[in-house]
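Reader: I want to learn how to read salt bridges and a chain interface. Can you take me through a case?

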Amino acid sequence: MDTLLPAASGGAAGPLTADELRELYSLMVAVRHLDTSAIAWQRQGIIPGYAPEFGQEAAQVGSGYAVDTTRDFVFPTYREMGVARTMGVDMVAYMSTHKATWHGGLYNPLESRLAPIQAVVAGSVLHAVGWAHGQTLDKKDGVALTYFGDGASSQGDVHEAMNFAAVMKAPVVFFVQNNGWAISVPTERQVAGGSVAARAAGYGMPALQIDGDDVVAVVEATRRAFAHARTGNGPVLIEAMTYRRGPHSTSDDPGRYRSLDEERDGAGIDPLERFRQRLLAEGIADESFFAGALAAAKAEEEQIRTGIQALGPRPGTEMFDLVFQETTPALQSQAANWREESEHV
Amino acid sequence: MSNSILESDAAASTGAGTPAATTVMSMQQALNRALDEVLAEHPKTLIFGEDCGRLGGVFRITDGLQAKHGAQRVFDTPLAESGILGMSVGLAMAGFHPIPEVQFDGFAYPAINQIVCQIARMNYRSRGTVPMPITLRVPSFGGIRAPEHHGESLEALFAHVPGLKVVSPSNPHEAYHLLKYAATRPDPVIFMEPKSRYWQKGEVDLARGDAAGGSPEGAKVMREGRHLTLVAWGAMVSRCLQVAELAAEDGIEIEVLDLRWLKPIDAGALAASVRKTRRAVVVHEAPLTSGLGAEVAQLITQSCFDILRAPVERVTGFDVPYPSGDLEDEYIPNIDRILFGIQRVLEYKRG
C-alpha cells in the first residue's frame with residue numbers, strides 16, 4: 001500500500017550513497033550485537049530485564065536514520081533501542097532503564113530528541129501530535145516520529161492521535177512496526193481490517209505499507225514521509241512489516257504460543273543477512289568491512305556493558321527531589337523521614 | 001466574600017489616584033479574566049479543549065478569548081479527552097504552557113491514563129528535564145442537577161497521584177488568584193472549579209491574592225471562631241460559612257477553613273486552626289470512604305491529638321454513584337447534616 005503522492009517526496013534526498021549504505025550496515029550490526037548481548041546480560045544477572053528487538057533492526061535503523069536531530073523529535077515505546085542508537089543517544093544512559101536505574105533512562109530527552117521510554121503502549125503517540133502541533137504554532141519545520149506496534153494500534157489513543165493529527169495537519173509520522181505479535185497474540189487476532197495502514201484512509205492520511213526488513217526501503221519511505229510532513233501536508237502513517245524473532249521480553253516464553261518452525265516461517269530472511277548479501281552482490285562492501293563492523297560493534301558493546309555495570313544505584317534523595325519542579329512540604333517531610341530512617345542522618 | 005480583612009487590605013493597597021482594585025464579579029467572570037490575563041502576560045500559554053474556542057466553553061469560562069487572542073492560542077479540539085491531555089504533554093515538551101479543559105468532571109475519566117501515567121510522571125521520568133506545566137481545568141462537583149457524569153468529585157483520586165497538584169477555589173476572588181497562580185506553575189495542577197458557584201458574585205481584589213500575605217499554596221481562614229473548625233473546599237466553603245452564621249445565633253463560634261489546595265494540603269494551617277478550636281468537622285461532596293476527609297482527619301489527629309476534645313467528624317457524600325438531580329440535595333452535605341456533624345463533635349463524651 002502506498003497512498004503517499006510521489007510529488008510529496010520532492011524534498012526527500014536522492015538514492016543512498018555507498019557510504020550511507022555501509023553506515024546503515026554498521027548501525028544494524030551494532031544494534032544486533034547490543035540487542036543479543038543485552039539478553040545475555042539479563043541471563044548473567046547484569047540487568048533485570050530487557051525487551052529484545054531481534055529481527056527489527058532494519059525497521060528501527062532505517063527509520064531512525066531519517067531523523068534530523070537538529071529539528072525532529074522521536075517518541076518511542078520501550079523497544080526502540082535501535083532507533084536510539086541510530087540517533088546517537090548515549091547507550092549507557094539508554095540501557096540504564098533496563099538496568100532498573102531510572103524509569104525512562106538517564107539520557108536527557110530534550111537534548112537527545114528522544115522522549116523518555118515508557119511502557120503504556122500508545123501513550124506517547126498523542127505526545128507526538130502535541131509536540132508536532134507545537135512546531136506548527138512556532139512556525140518551525142520539525143517533524144515528530146512516533147513508534148508503536150500492531151498491539152498498540154488497538155489502543156484508543158492511537159485513533160485519537162491519528163484523528164487529532166489529521167484534523168490539525170500536524171507534522172507527525174506514525175511509524176508502526178508490525179512485528180506480528182503483541183506478546184502472545186498474533187496480528188490477525190489484534191488488527192481488524194487486515195492492516196494498520198488501511199486505517200489511515202479513514203483519517204484522510206496517506207499511508208505506506210513497506211517491507212520493514214529492507215533497511216533501504218525503510219530509509220526511503222521514512223524520508224518521503226518526513227518530506228511530506230515537513231512541507232505542511234500533515235501526518236503520514238508507515239506500517240513496516242517485520243517480525244519479532246524470539247521473546248517479547250526476557251520474561252516471555254514464546255514456546256507457549258508458537259513453535260520454532262512457525263517462527264522460522266514467519267520471520268523470513270534475517271534482515272541483517274539480507275542486507276549483507278545485497279552489499280556483497282552490489283560490491284559496496286566486502287568481508288573485511290563486515291569483520292570490521294562486527295569488531296566495532298563488539299568493542300562498543302563492551303564499553304556499554306562496562307558503563308552500565310559501573311552505574312551505581314541512584315541516590316535515594318532523587319526519588320523525592322525529581323517528582324516536582326516545585327516540591328511540596330509533605331514530600332520534603334517524607335524525604336526527611338526517609339533520610340532519618342534509612343540513612344540515619 | 002464577606003471578609004473584612006480583605007476589604008481593609010484592598011483599601012491599604014490602593015494609593016492616591018489609583019483606582020480601587022476591588023471589583024464585584026461572578027466566578028465565571030473572574031476565571032475568564034484570569035485566563036485573559038495569563039494569555040496576555042505569558043505568550044506560550046495555550047487554551048484548548050472541547051468547545052472552548054468559538055463557543056467560549058459550555059460555561060463560558062473562555063468566552064471571547066479566541067476572538068481576542070487568536071485561534072492559534074485558544075482552540076477547539078476534537079471530542080476526545082485522552083487526546084486533549086495527551087496532546088498537552090507534547091505541547092509542554094515543545095515549550096508551551098497548556099491550559100486544557102475537560103468539559104465536565106466525569107469526562108476526566110477517559111483521560112485518566114494520560115493524566116496519571118504521562119502528565120503526572122513526565123517530570124520524574126525525565127529526571128526533571130521535561131517539566132509538565134499543565135493546568136487542567138475541570139468543572140467539578142455537583143449541585144446543578146446535571147446528567148450522569150456531570151457531578152463527580154475527583155479530588156481524592158487526583159490528590160492520590162504522585163506528581164499532581166490539586167486546587168479548588170471557593171469564590172470569585174480565590175478563583176481569579178488561584179487560577180492565575182496555578183497557570184504559571186512549572187508542575188501539573190488539576191484546577192477543580194465548583195460549577196455550582198460559577199454564577200455566584202463576590203468581591204475580587206485584583207491586587208491581592210492572599211489577604212494575609214500568606215503563601216499562595218496555603219489554606220485560608222474564611223471566618224474566625226473558637227469552638228470548632230469546619231474544613232472545606234470548593235462549593236462547600238460557602239455552605240460552611242452559612243452554617244457558621246446559623247450556629248453563631250446559638251452562641252457557637254465556628255471557624256471556617258478553606259483548604260484551597262487539596263495537594264499539597266496546608267497541614268500547618270490545619271493544625272493552627274484546630275489547636276485553637278480543639279474540634280473539627282471536614283465537609284466534602286465526594287463519597288466518604290477513602291475520601292480526602294480521611295486524609296484531613298489524620299493530619300489533624302497527628303498534630304492535635306493531645307488537645308482534641310472529640311474525634312474528627314466527616315460530613316460527606318455517600319458511597320453511591322452521584323445521584324440524579326432529584327436526589328442530589330440528599331447527597332450533597334446540606335446545612336442540617338453539617339449541623340448534626342457539629343453536634344456530634346460538640347456533644348462527644350469520652351467512654
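Author: We go through salt bridges first, then the contact between the chains. Keep in mind that this is a predicted model.

Reader: What makes a pair count as a salt bridge?

Author: A side-chain nitrogen of Lys or Arg must lie within 4 Å of a carboxyl oxygen of Asp or Glu. Here that rule gives 40 salt bridges over all chains.

Reader: Which residue does Arg274(A) pair with, and how far apart are the closest N and O atoms?

Author: Arg274(A) pairs with Asp211(A), at 2.5 Å. The two are 63 residues apart, with Arg274(A) in helix α11 and Asp211(A) in strand β6 of chain A. So this bridge links distant parts of the chain.

Reader: Are these two side chains buried, exposed or in between?

Author: Buried means under 20% relative accessible area, and exposed means over 50%. Arg274(A) has 29%, so it is partly exposed. Asp211(A) has 33%, so it is partly exposed too.

Reader: Where does the salt bridge of Arg276(A) and Glu287(A) sit?

Author: Arg276(A) lies in helix α11 and Glu287(A) in helix α12, so the bridge ties together parts eleven residues apart in sequence. The N to O distance is 3.0 Å. Arg276(A) is partly exposed at 22%, and Glu287(A) is partly exposed at 44%.

Reader: Which residues join into one network through shared partners?

Author: Arg33(B), Glu37(B), Glu41(B) and Lys180(B) do, in chain B.

Reader: Now the interface. How many salt bridges cross between chain A and chain B?

Author: The rule finds three. One of them joins Glu326(A) to Arg185(B), with the closest N and O atoms 2.6 Å apart. Asp138(A) also bridges to Lys44(B), at 2.8 Å. Here a loop meets a loop: Asp138(A) sits between α6 and β2 of chain A, and Lys44(B) sits between α2 and β2 of chain B. Asp138(A) is partly exposed at 24%. Lys44(B) is partly exposed at 32%.

Reader: How many residues does each chain bring to the contact, and what area is buried?

Author: Chain A brings 42 residues and chain B brings 42. The buried area is about 3,500 Å², and carbon and sulfur atoms give 63% of it. The interface also holds 21 residue pairs in polar contact.

Reader: Which element gives the most to the side of chain A that touches chain B?

Author: That is α6(A), with seven residues. Other elements that supply at least two residues include β1, α5, α7 and α13. By residue type, this side of chain A has 21 nonpolar, 14 polar and seven charged residues.

Terms used
Residues are numbered from 1 along each chain as its sequence is written. Chains are lettered from A and ligands numbered from 1 in the order in which they are written. This is a predicted model: local features need pLDDT of at least 70, side-chain atom pairs count only at pLDDT 80 or more; totals for chains, interfaces and linings use all residues. Side-chain values use heavy atoms; hydrogens and water are left out. Helices (H or I, at least four residues) and strands (E, at least two) are DSSP runs, numbered from the N terminus. Buried means under 20% relative accessible area, exposed over 50%, partly exposed in between (1.4 Å probe, protein chains only). Contact means heavy atoms within 4.5 Å. Buried area is the accessible area (1.4 Å probe) that two parts lose on being put together, summed over both. A polar contact is a pair of N or O atoms within 3.5 Å; within protein, one must be able to donate a hydrogen and the other to accept it, and residues adjacent in sequence count only if both atoms are side-chain atoms. Ala, Val, Leu, Ile, Met, Phe, Trp, Tyr, Cys and Pro count as nonpolar, Asp, Glu, Lys and Arg as charged, and the others, Gly among them, as polar.
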